[in-house]
Amino acid sequence: MLKKILNILKYIALVAACVGLVINFIWANMQADTRVCNAVDIDIENADTVSFVNQAILRDMLNKANLNPTGMNVTDIDTDTIENFFANSEYLESAECVMMKNGDIHIYTSQLIPVMRVFDGGESFYVNKDGKSMRATSSIHTNTPIVSGHFNDPADALIVLPIAKYVESEPALSELVTMYTVKDKNNIIIIPSIRGHVINFGDSTNIANKFAKLKRFYKEVMPVKGWDTYDTISLKWNYQVVANRRSKRIKPVLVVDSTLENEAPAIESLIIPQESAQNEKPVATANATNKPAAKTSKTTKKASPTKKVNNAFAKKKKSN
């Protein structure tokens with residue numbers, strides 16, 4: 001008899017618990033229906049790293065898109081729409097929209113971090129590591145590698161990124177390289193700060209080996225042949241450096257200033273026609289196998305006034 005009573009009591013307790021859960025669920029829904037969003041908080045994760053947007057700009061974007069949930073009942077707020085709106089912004093890499101317990105909205109964002117600036121025809125834009133682009137405007141300033149070329153997709157410019165990262169890791173190379181021009185994936189052109197020639201890097205593989213060949217060419221060949229002898233130095237062939245002799249003498253610089261060493265050259269005077277790279281002829285020196293340089297019977301041309309600047313640069317590289 002006692003056992004039967006205990007079972008009945010257990011059954012009553014179970015039913016009471018279920019009823020309590022149902023009542024609590026209904027009460028929670030009724031409470032949710034009455035909650036209103038009173039505030040929207042916006043957090044910018046990397047505000048100290050870059051400064052393309054701020055909270056005021058993001059809030060203005062939210063208002064112009066008619067997505068500000070302030071004053072709205074929580075059941076009418078679509079957090080996914082707000083999140084996607086900010087995630088698709090060219091200024092942001094990511095966004096997350098969260099509804100708090102009190103009904104307020106908190107938006108977590110991360111600004112786009114450019115890894116390069118791209119010039120494509122009349123357009124200029126920044127690209128992040130994932131290939132997302134952001135228009136370059138007069139209000140945006142950031143120190144990134146410069147890449148020019150024609151790209152079907154902004155992400156295609158990232159072909160230069162491995163080279164640019166390697167250059168940034170070495171101070172001497174950072175001073176040498178001013179910008180990159182992409183003809184195609186096998187012809188990435190480096191514009192150096194040394195006036196008078198360009199460097200055909202080939203593709204973005206064997207980066208360390210190619211720069212090692214370039215350093216040796218600068219050290220062993222250029223001082224002998226003359227800094228104005230070649231208009232193109234190609235590093236894309238294995239075990240050798242290929243150079244094109246200049247067809248026209250470059251214009252001399254009348255004023256030689258030591259500060260010119262760190263200035264970027266005139267791009268128009270340095271970018272060579274596409275056919276020039278196709279007719280490259282090897283120079284019998286400075287290959288990766290440490291073979292001795294072949295002697296030449298030709299008299300070295302008298303260096304132009306720019307040689308003072310170029311020799312200063314070479315000595316600087318040698319000291320490094």
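## Strands, salt bridges and cysteines in a predicted model

Strand S4 (residues 114–120) and strand S7 (residues 146–149) run parallel, joined by three bridges. Two strands count as paired if DSSP finds at least two bridges between them. Strands (E, at least two residues) and helices (H or I, at least four) are DSSP runs, numbered from the N terminus.

This is a predicted model, in which local features need pLDDT of at least 70 and side-chain atom pairs count only at pLDDT 80 or more, while totals for chains, interfaces and linings use all residues. Residues are numbered from 1 along each chain as its sequence is written, and side-chain values use heavy atoms, with hydrogens and water left out.

### Strand S7

S7 also pairs with strand S8 (residues 177–184). These two strands run parallel and are joined by three bridges. Which residue stands opposite Ser 148 in S8? The bridge partner there is Thr 181. Toward S4, Ser 148 stands opposite Phe 119.

### Salt bridges

Side chains of opposite charge can pair when their charged atoms come close. Here a salt bridge is a side-chain nitrogen of Lys or Arg within 4 Å of a carboxyl oxygen of Asp or Glu. The whole structure holds six of them. The table lists some of these.

| Basic residue | Acidic residue | N to O distance |
|---|---|---|
| Lys 64 | Asp 60 | 3.3 Å |
| Arg 135 | Glu 90 | 2.5 Å |
| Lys 215 | Glu 170 | 3.0 Å |

Exposure is given as relative accessible area: buried is under 20%, exposed is over 50%, and partly exposed lies in between (1.4 Å probe, protein chains only).

Lys 64 and Asp 60 share helix H2 (residues 55–64). They sit four residues apart, about one turn of the helix. Lys 64 is exposed at 65%. Asp 60 is partly exposed at 35%.

The salt bridge between Arg 135 and Glu 90 links distant parts of the chain, 45 residues apart. Arg 135 lies in strand S6 (residues 133–135). Glu 90 lies in the loop between helix H3 (79–87) and strand S2 (92–99). Is each partner buried or exposed? Arg 135 is exposed, with 53% relative accessibility. Glu 90 is buried, at 17%.

Lys 215 meets Glu 170 in another salt bridge. Lys 215 belongs to helix H6 (residues 207–220), and Glu 170 to the loop between helix H4 (161–169) and helix H5 (171–176), so this pair ties together parts that are 45 residues apart in sequence. Lys 215 is partly exposed, at 42%.

### Cysteines

A disulfide is a covalent bond between the sulfur atoms of two cysteines. The cut-off used is a pair of cysteine sulfur atoms within 2.5 Å. How many disulfides does the whole structure have? The search finds zero. Why is Cys 37 not bonded to Cys 97? The closest cysteine sulfur to that of Cys 37 is in Cys 97, and it is 8.8 Å away, too far for a bond. Cys 97 is likewise in no disulfide. Cys 37 is buried, at 0% relative accessibility. Cys 97 is buried too, at 8%.

### A nonpolar patch

Ile 8, Tyr 11, Ile 12, Val 15, Val 19 and Ile 23 form a nonpolar patch on the surface. Together they have about 570 Å² of accessible area. Areas come from the Shrake-Rupley method with a 1.4 Å probe, and for residues only the protein chains shown count as cover. Patch members need over 30% relative accessible area and no salt bridge; nonpolar side chains (Val, Leu, Ile, Met, Phe, Trp, Tyr) are joined within 5 Å, like charges within 9 Å. Ile 8 lies in helix H1 (residues 2–34). Ile 8 is partly exposed, at 44% relative accessibility.
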